[in-house]
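Please open the structure in your viewer and keep the selection panel at hand. The stops below say what to select next and what is there.

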Amino acid sequence: MNFIKEYIFPAVVILIVTAALVFGFQFLADASWAEGIRASAASTPPEVGTAPTNISEFLVALATSTVRLTILIGLPFAITAAVLKRTQKQKS
Amino acid sequence: MQSTDKKFSLTQFKLFLDLVVLVLFIAINIPGATGIPNHEWVSFIFALPFLIHLTLNWKWIVSVFARLFKKLPGETRFNQIWDSVLFLLMIFVSFSGAVLSETVLPALGIHIEIDPFWRSLHTGMANLLLLMFGVHFMMHWKWIVSNFNRYILKKA
């Protein structure tokens, strides 16, 4: 009984909230501003091309992805660390 | 006979699960190296550990939302807002990715006409998600490090 209350119930609630959000999100495509995004996206090539076919292509793609991830995750990580450090210093 | 400290605690399970979530999250976010089909399969697999991650943190979610209009420590309030937005964004990126599926959904017999609108939003929001994840990761860094030291490196 405890297992249902502690794990199954929360999982069901999360799934229901997710389903409600997904239901809402689908209407975004019908919004008036969606047409402009659709038109510009249709004329833009996809950001991700074909998968690497050999080891050197794979290594280049991996290096590019690593740099991208380092910037996108690492930068906010470092900024937050600095802010937290400063706030904790002010507190003490 | 098993001693108490050898038992696999909930915290240990959460730590291992978070590591799995992290590895899958990184694997999803390098589609240039893995290719779109692998990106899609890993993304669909990711849904399960992500759901368990939220379920295991349910007590925290409920306790914080029960005090929605009450006074909360600054860091807790920040985490409450940030994690909620992160959840919304995660669902949005997952949904916009799912409707762009060229491999998984067709393999499951579901065929959807791909709308470029979702492609544009999926790429942009996925980048925003990474930025937000960096902050989320740092906000829980202390918990990660202390439990990593305790359970993986076996430091006291």
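## Along one helix, then into the core

Begin with helix 3 of chain B, which bends by about 25° at B:A47 and has a proline, B:P49, following within four residues; the bend is the angle between axes fitted to the seven residues ending at a position and the seven starting there, and helices are DSSP runs (H or I, at least four residues) numbered from the N terminus. This is a predicted model, in which local features need pLDDT of at least 70 and side-chain atom pairs count only at pLDDT 80 or more, while totals for chains, interfaces and linings use all residues. Residues are numbered from 1 along each chain as its sequence is written, and chains are lettered from A and ligands numbered from 1 in the order in which they are written.

Next, select B:H39, B:E40, B:V42, B:S43, B:F50, B:L54 and B:T55, which are buried in helix 3 of chain B (20 or more other C-beta atoms, placed from the backbone, within 10 Å of a residue's own). What covers the buried residues of this helix includes helix 1 (2-25) of chain A and, from chain B, helix 5 (74-98).

Then turn to the largest nonpolar core, which has 21 residues, with A:I73, B:V93, B:W118, B:L129, B:L130 and B:F133 having the most contacts inside it; such a core is a set of buried Ala, Val, Leu, Ile, Met, Phe, Trp, Tyr and Cys residues joined through C-beta atoms within 7 Å. Helix 3 (55-91) of chain A, together with helix 5 and helix 7 (116-139) of chain B, are the elements that give two or more residues to this core, and helix 7 of chain B gives the most, with 10 residues.

Finally, select B:W118, which touches B:S96, B:V99 and B:L100, not counting residues up to four places away in sequence (contact: C-beta atoms, placed from the backbone, within 7 Å).

Methods: Buried ≥ 20, exposed ≤ 12 C-beta atoms within 10 Å, placed from the backbone. Contact = placed C-beta atoms within 7 Å.
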